[in-house]
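Here are some short exercises to work through with the structure open beside you. Try each task before you read its solution.

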Amino acid sequence: MGRVAIIGVGQSAFSRGYPGSIRELCFEAYKEAMQDAKAQNKDIGASVICSSPEYDKQRSPAGVMAEYLGLTPQPTFYAETLCSSSSTGLKLAYSLVKSGLHQSVLVLGFQKMSEISSAESQERMGRGADIQWESPFGTMMPAYYAMYARAYLNHYGVTEEDLALIRVKAATYGPLNEKAGFKKAVDLATCLSADPVASPLKVYDCCANADGASCFIVASEQVVKDLGIAKPIWVLGVGAASAPVNMAGRDLFTGLRVAQLASQEAYKMAGITAKQVNVAEVHDCFTIAEMMAYENLGFAEPGQGKELIRAKATYKEGHIPVNVDGGLLSKGHPIGATGGSQIRTIVLQLRGEAGPMQVKDPAIGLVHNIGGVGLYGNVSILGR
Amino acid sequence: MAGKDKKEKDLRFAKFGTVSFTATTKVNDFIDLMEKGQVSGTKCKACGMVFFPPRADCYNCLTSDMEWFPVAGTGKLVTYSQLMYAPVGFTEDLPYAIAVLDYGDYKVFGRIGDVPLSEVTIGMELKTEVNKLPNGQLNYVFNRP
């Protein structure tokens, strides 16, 4: 069986209040990906629509989007793993193409979070954990990640300033990304003096809700040939794992077990090691999440992630550039669209088309996308 | 016919936490035990596997024959966080801290009770106690032994 490629990518701007409906939001990402691949709707064999429920009112959005985008009567599926929904979409699309069931599959992730208030959104996200045994205590995502941060800082002697350095890096690159929702510069002092959200995490340690959509097209080698795709980006590895939903079931609080497992699977499938990765997009929903990702992906030994950020090794000019598109911290985090946005950035990097964000001549890129509080881990490896 | 022979629903679990999101569960006796001042987990009678939070079914041996055991003694504080913002329905509880205690065979997720946060340190021994909330609901909290 042949290789599987990504032949087109697109995304909407990520913003605080999209002035249109969810289908119109999706169209923006779809249009860009289809134009990128120079594909027509007849070239798409199936679609996977990815989002997380209870922000908008639409039930079963797959059929609605397929119709609006002109992708009926082809089959369409809905994929949901909270914040990693569209990386799950990649794994499904890869499987469908690799198996020969479909020659090309379009993956579209979206979220319009501005339809509800921020406090309602926290309640929804909190219910992306254990609603029977945890939510009744008043949980929310920042507090869950803050528990990881507390354990991590305490165990390794890492400081809140080290975490803030990650936000400063994100704020360096937000202005370079025309699609980012948050382009304002943030300096170290601002990060450190910000109000606490859930100790030890403060306002600038946390990404913001956003509206957005992302889209990519996964295809067989035959389709790459038929459509004359000049720069196909190959899917080299797709790893995924799950963890106990309740914190009481977790065996590790200084890292995410799902990220370790997913990356091991992805590296093995791609036949590479962490050292061979030239550029990465990691799930920095909180600064602590990027710090743990450095270690869980093998870019640094456990407890040594701080050395990477202190030495600016994860900046654009460093030896392992991470989130040089601004990350979730600068782009904003429209749940279902985030994975596709990360994949888009890596595809553009590998093609050499990332504009002001471009790192020097990368051959292999990695996407780390986490759903919930380390509930779902997804690591994808792409290559030229 | 409407109302005829309608079995009364067992909604005891609606009493769990500031806001409960689950009313009906096969481990509803957890609430009765809480009313008696006991926080409990379940143990599989067939294979001896221990579960907290309690569950009705054992995935290990595929049986549903469980017995209750009390969460007794102290556990070590694994981690915690104090919330300054809360989701809808919880703002009146602010500020509060959520935490995980490790009892060795199992862990417990809950809230820190009346230990001042300045005195909270990872690794300290705490016990799990039933707590009556101002709105009449029940939860459990971690306090000094």
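**Exercise 1.** Into which domains is chain B divided?

*Solution.* Keep in mind that you are looking at a predicted model. Start with the bounds: domain 1 of chain B covers 12-70, and domain 2 covers 75-143. Next, look at the spacing: the centres of the two domains, taken over C-alpha atoms, are 19 Å apart. Then turn to where they touch: domain 1 of chain B contributes 12 residues and domain 2 of chain B contributes 15 residues. Finally, sort the domain 1 side of this contact: 7 residues are nonpolar, 4 polar and 1 charged.

**Exercise 2.** Work out why chain A can be called as compact as a globular protein of its length.

*Solution.* Begin with the elements: chain A contains 13 helices and 11 strands. Now compare two values: the radius of gyration of chain A is 19 Å, and the globule rule gives 21 Å for 384 residues; these are close, so chain A is as compact as a globular protein of that length. To picture the extent, imagine a box of roughly 55 × 45 × 40 Å along the principal axes, filled by the C-alpha atoms of chain A. Within chain A, 63% of the 384 residues are buried.

**Exercise 3.** Which element of chain A gives the most to the side that touches chain B?

*Solution.* First count the contact: 31 residues come from chain A and 35 residues from chain B. Then list the elements of chain A that each supply at least two residues: helix H4 (118-126), helix H5 (141-156) and strand S5 (196-198). H5(A) gives the most, with 6 residues. To finish, split the chain A side by type: 16 nonpolar, 9 polar and 6 charged residues.

Technical notes: Residues numbered from 1 in each chain as written. Chains lettered and ligands numbered in written order. Predicted model: local features only at pLDDT ≥ 70, side-chain atom pairs only at ≥ 80, totals over all residues. Domains from an automatic or database assignment. Contact = placed C-beta atoms within 7 Å. Nonpolar A, V, L, I, M, F, W, Y, C, P; charged D, E, K, R; others polar. Helix = DSSP H or I, 4+ residues; strand = E, 2+ residues; numbered from the N terminus. Rg over C-alpha atoms; globule rule 2.2 N^0.38 Å. Buried ≥ 20, exposed ≤ 12 C-beta atoms within 10 Å, placed from the backbone.
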